[in-house]
Amino acid sequence: MRALRIAASFLAITSLASTTASAQWRNRYPKLVGSSHHVYVEGYELPVVNAGVYDPAESPDGRTLAIASRGWIWLLDRTSGEARRVTRGGKMDSRPAWSPDGKSLAFVRDDGSTLAVVIRDMQSGAEREIERGFAMDPAFARDGRSLYYSSNASGGLDIWRFDLASGEKSRITTDAGMELAAMPHPDGRRLVYMVKAGGADQIRVRSLADGKETVLVTGPILAQMRPALSPDGSVVAYTYPGVKGWELRLMSVERPGPTVLLVARDNGLPLSPVWSADGRTIYYSESDAEQRLVLHGVPKAGGPVFDILVRHWNWGEPTGRVLVRTHLAGRADPTPARLSVVDQQGHPVLPEHGQPRSDGQNGIVFFYSPGEMELVAPVGSVTITAVHGLATPLQTETVQVTSGQTRAVELELTPVWDARAAGWYSGDHHFHLNFGGQFPLVPSDLLPLLRGEDLDVATPLIGNLANRFEHGDYWTWHRLDQAPLIRFGQEVRPSLGHTGLIGDESLFWPWTYGAGTQVYPQDDISNVDPLTHARREGGIGTYMHPVQAPGDPFVNAETLAAIPTELVADGVEGVLDAIEVACVWSDEIATAEVWHRLLSLGMPIAPNAGTDVMADFYRTPALGATRIYVRLDGGRQQLSFGDYLAALKAGRSFVTNGPLVELRVDGKQPGEILSRGERPVPFTLELHSAVPVDSVAILVNGVVAWHVKPTLVNGSQHLSGTVAVPAGGWVAAVALGPKTTQWPAMDSYSYAHTAPVWIGHVGSSDPVAARAAARDLLRALDVADGRVNTQYAGANVPKLREHFRRARATLEARAQ
């Protein structure tokens with residue numbers, strides 16, 4: 001009889017059973033039709049918030065720059081250097097655009113879940129909302145009679161035109177993909193805009209009469225490309241990736257082809273270029289070494305880049321300061337923390353330096369403090385929320401800020417568990433230092449994040465962004481002498497499934513292959529190659545974000561297609577060290593369904609965890625939002641990367657996005673061995689959690705053998721009982737929480753899963769469970785085989801086909 005699975009037997013007793021559970025983050029803003037990865041849509045295309053200066057727009061008379069800063073629109077007087085705040089309120093404003101007569105300003109307003117295009121009368125201050133949903137990038141027609149903008153009103157993201165007199169809206173573009181940054185040509189007959197569709201990002205010129213188009217620029221995943229049309233319509237300024245950083249270039253609209261390089265520097269990233277009203281200068285913003293956006297200018301003819309400084313910030317109302325200190329209970333010294341601070345209208349209060357980020361799960365703007373930080377805020381109440389990693393329940397304090405004064409506030413953070421004292425160390429083994437975001441980072445920029453999230457080990461992964469293998473020079477950078485430990489790894493990203501390599505001594509080449517790649521689409525390269533490369537060099541190989549679709553992937557052929565093509569074959573043939581069970585961008589329960597079957601087949605595959613955060617994004621979860629805790633041999637001892645990696649591979653661990661679990665089965669912990677089976681055995685489970693937990697279960701070979709609904713809201717609870725174990729197989733614990741989470745968590749439901757305690761010996765199995773697992777995995781292999789036959793039709797790939805043949809033979813033998 002086929003064994004009951006966790007999706008059927010455990011979810012039925014949790015609050016997750018009422019709807020299809022998914023821990024994969026989907027989207028915060030309205031989902032665009034045809035978009036498969038909203039993390040990139042929201043990460044690359046949506047406005048940012050920073051205490052610096054960004055999104056400049058010069059007034060028609062050239063005397064004033066409209067700028068965005070701190071989530072409001074300001075007017076910067078070019079003569080005096082004073083920036084006067086124009087907009088107010090709790091929402092975040094950006095991307096201003098002037099009307100030709102200088103009497104109106106259009107901009108984007110972000111309420112945390114939708115974007116609106118708003119027009120403001122600059123004399124009266126009256127505001128008119130034009131569109132709400134996923135609406136952005138406003139630009140007035142040169143005659144001032146209409147406004148162009150991007151909107152999801154038709155499901156996708158298209159260019160629309162709004163008639164200012166009649167209020168009539170008309171759709172301009174109808175192609176699949178995203179159409180952005182519309183710029184009306186001064187001849188009134190054409191439109192320059194950007195489109196992202198079908199793997200190609202382009203700048204196009206469109207005839208408004210017949211829709212015919214000319215492509216000016218094209219390339220794959222040009223994440224921060226933004227075009228700007230000169231006032232006379234002859235030249236486009238745009239940002240484009242170079243060899244060592246992004247560049248600012250000029251191209252003729254009428255004679256596209258060769259370009260003029262205007263700005264380039266190592267690791268540079270000029271953002272959102274715009275032209276001056278007289279067409280002589282291009283303005284842009286760029287992040288400095290402290291992730292503060294700085295406004296620059298460069299002559300159209302070329303020459304030195306110059307800074308445009310704000311000499312005085314005129315808030316238009318009194319301000320004061322708040323000094324925020326955080327410390328752990330029982331300690332007087334400051335503790336680094338993740339902070340969210342809002343004024344009495346709910347608007348984010350930002351630090352002068354450092355990169356704010358936006359938590360897409362909870363809709364919170366956050367940043368990191370070293371333990372003490374002073375902030376400027378409007379007079380009135382200010383609310384501070386702080387956490388320190390997953391073990392501290394959120395602490396909130398509200399203080400009154402008075403004009404010209406500094407108000408100090410102290411937040412004491414009380415962890416529900418001291419992991420290090422118990423011999424456990426936490427790590428995030430899947431994130432990217434830079435992946436096309438707005439704030440290029442260097443490795444040392446990770447330290448405030450890791451300290452604020454109480455992480456001990458981090459392995460940022462180098463990988464390809466489309467056809468570019470970026471920041472390979474960081475491979476030899478490491479910090480291994482003191483915690484937090486940092487050592488770069490690699491994500492290899494072929495069509496067969498993404499693998500993560502950590503702890504190996506050299507990069508694996510090629511860094512991508514298989515269907516859809518430009519150079520190696522049908523070469524005889526499989527994931528066996530990078531996985532064995534890592535193992536040969538003393539590292540470990542992991543499958544990354546394996547199953548992204550929610551629910552049980554073994555229901556039918558359609559759901560089985562969610563499993564990466566080569567995962568089953570690699571797991572069955574013993575070349576896989578670990579599987580990323582917990583990741584923000586995949587579903588933990590669905591991934592565990594695959595992992596459980598491999599364990600029940602007797603494959604000692606360790607769990608792993610990582611966020612897949614792009615640390616240079618503004619819109620991104622925190623590092624460690626999904627993480628692994630690893631127990632070193634001998635309990636508490638000096639942390640070293642080698643010992644940590646060995647313990648991770650041995651499965652002395654648990655993965656989590658919130659709950660913290662310590663399991664002992666007859667005194668044995670995950671990664672250890674029960675002396676014998678076929679008997680009732682006692683277990684204890686210490687549950688610690690700063691977020692709600694609905695259900696805890698003990699699994700034996702993937703079947704729920706014991707479960708309970710905990711009573712704790714946050715804190716710790718001791719659980720114990722007895723379970724019957726067979727002669728072989730494995731025992732593990734799993735914890736689940738509600739469908740929505742709260743800080744410190746940033747995933748869509750709470751989840752924790754221990755590595756297995758093995759019965760008899762590592763890799764033992766129960767015949768009944770192994771037979772059922774083999775039959776299910778054979779069905780998954782059938783689907784994967786069909787995909788390989790399609791993707792490699794006519795290709796000479798004997799190694800890949802032999803790998804699948806051996807896996808099939810193994811499963812067929814075990815299924816009898």
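**Exercise 1. Asn-608**

Work out where Asn-608 sits in this predicted model and what its side chain pairs with.

*Solution.*
- Step 1: begin with secondary structure. Asn-608 belongs to strand β44, which runs over residues 606-609.
- Step 2: check the accessibility. Asn-608 comes out at 3%, and the cut-off for buried is under 20%, so Asn-608 counts as buried.
- Step 3: look for a polar partner. The side chain of Asn-608 has a polar contact of 3.3 Å with the side chain of Thr-542.
- Step 4: go through the other neighbours. Skipping residues within four places in sequence, Asn-608 is in contact with a set that includes His-429, Ala-578, Glu-580, Ile-628, Leu-648 and Val-655.

**Exercise 2. His-753**

Decide whether His-753 is buried or exposed, then find what its side chain makes a polar contact with.

*Solution.*
- Step 1: place the residue. His-753 is part of strand β55, residues 751-754.
- Step 2: read off the accessible area. The relative value is 0%, so His-753 is buried.
- Step 3: find the polar contact. The side chains of His-753 and His-596 meet at 2.9 Å.
- Step 4: list what His-753 touches beyond four places in sequence. Among them are Trp-595, Phe-654, Leu-699 and Val-734.
- Step 5: compare sequence with space. Ser-653 is 100 residues away from His-753 along the sequence, yet their C-alpha atoms are 8.9 Å apart.

**Exercise 3. A ring pair**

Classify the arrangement of the rings of Tyr-629 and Phe-654.

*Solution.*
- Step 1: start with the whole structure, where a search turns up 19 aromatic pairs.
- Step 2: take the geometry of this pair. The ring centres of Tyr-629 and Phe-654 are 5.1 Å apart and the planes are at 15 degrees, so the pair is stacked.
- Step 3: map the rings onto strands. Tyr-629 is in β46 (627-631) and Phe-654 in β47 (653-656), so the pair ties together parts 25 residues apart in sequence.
- Step 4: check burial. Tyr-629 and Phe-654 are both buried.
- Step 5: look for a ring cluster elsewhere. Tyr-40, Tyr-44, Phe-435 and Phe-617 are linked into a cluster by ring pairs.

**Exercise 4. Helix α2 and the largest cavity**

Find out how enclosed α2 is and which elements help line the largest cavity.

*Solution.*
- Step 1: count buried residues. Seven of the eight residues of α2 are buried, so the helix is largely enclosed by the rest of the structure.
- Step 2: name them. The buried ones are His-38, Val-39, Val-41, Glu-42, Gly-43, Tyr-44 and Glu-45.
- Step 3: see what covers them. The cover includes β5, β9, β13, β14 (190-197) and β36 (464-465).
- Step 4: turn to the cavities. There are seven of 30 Å³ or more in the whole structure, and the largest holds about 200 Å³.
- Step 5: inspect the lining of that cavity. It has 17 residues, with Asp-55, Arg-95, Gln-224, Ser-272 and Gln-438 nearest the centre. The elements giving two or more residues are α2 (38-45), β1 and β21.
- Step 6: sort the lining by class. The largest cavity has nine nonpolar, four polar and four charged lining residues.

**Exercise 5. The second largest pocket**

Describe the lining of the second largest pocket by position and by class.

*Solution.*
- Step 1: get the volume, which is about 940 Å³.
- Step 2: find the centre. The lining has 34 residues, and Ala-57, Ala-97, Trp-98, Ala-139 and Val-274 are the closest to the pocket's centre.
- Step 3: trace the elements. Those giving two or more residues to this lining include β1 (54-58), β9 (136-140) and β21 (271-275).
- Step 4: split the lining by class. This pocket is lined by 23 nonpolar, five polar and six charged residues.

**Exercise 6. Thr-87**

Identify what the side chain of Thr-87 reaches at 2.9 Å and what its side chain joins at 2.8 Å.

*Solution.*
- Step 1: locate it. Thr-87 is in the loop between β4 (82-85) and β5 (92-98).
- Step 2: check exposure. Its relative accessibility is 1%, so Thr-87 counts as buried.
- Step 3: take the backbone partner. The Thr-87 side chain reaches the backbone nitrogen of Ile-73 at 2.9 Å.
- Step 4: take the side-chain partner. A 2.8 Å polar contact joins Thr-87 to the side chain of Asp-93.

Methods. Residues are numbered from 1 along each chain as its sequence is written. This is a predicted model: local features need pLDDT of at least 70, side-chain atom pairs count only at pLDDT 80 or more; totals for chains, interfaces and linings use all residues. Side-chain values use heavy atoms; hydrogens and water are left out. Helices (H or I, at least four residues) and strands (E, at least two) are DSSP runs, numbered from the N terminus. Buried means under 20% relative accessible area, exposed over 50%, partly exposed in between (1.4 Å probe, protein chains only). A polar contact is a pair of N or O atoms within 3.5 Å; within protein, one must be able to donate a hydrogen and the other to accept it, and residues adjacent in sequence count only if both atoms are side-chain atoms. On a 1 Å grid over the protein atoms alone, a cavity is a set of points where a 1.4 Å probe fits but cannot get out, and a pocket is an open set with protein on both sides within 12 Å along at least five of seven lines; lining residues have an atom within 4 Å of a point. Grid points are joined across faces, edges and corners, and a volume is the space filled by probe spheres set on the points. Ala, Val, Leu, Ile, Met, Phe, Trp, Tyr, Cys and Pro count as nonpolar, Asp, Glu, Lys and Arg as charged, and the others, Gly among them, as polar. Rings of Phe, Tyr and Trp (its six-membered ring) pair if their centres lie within 6.5 Å; planes under 30 degrees apart count as stacked, over 60 as edge-to-face and the rest as tilted. Contact means heavy atoms within 4.5 Å.
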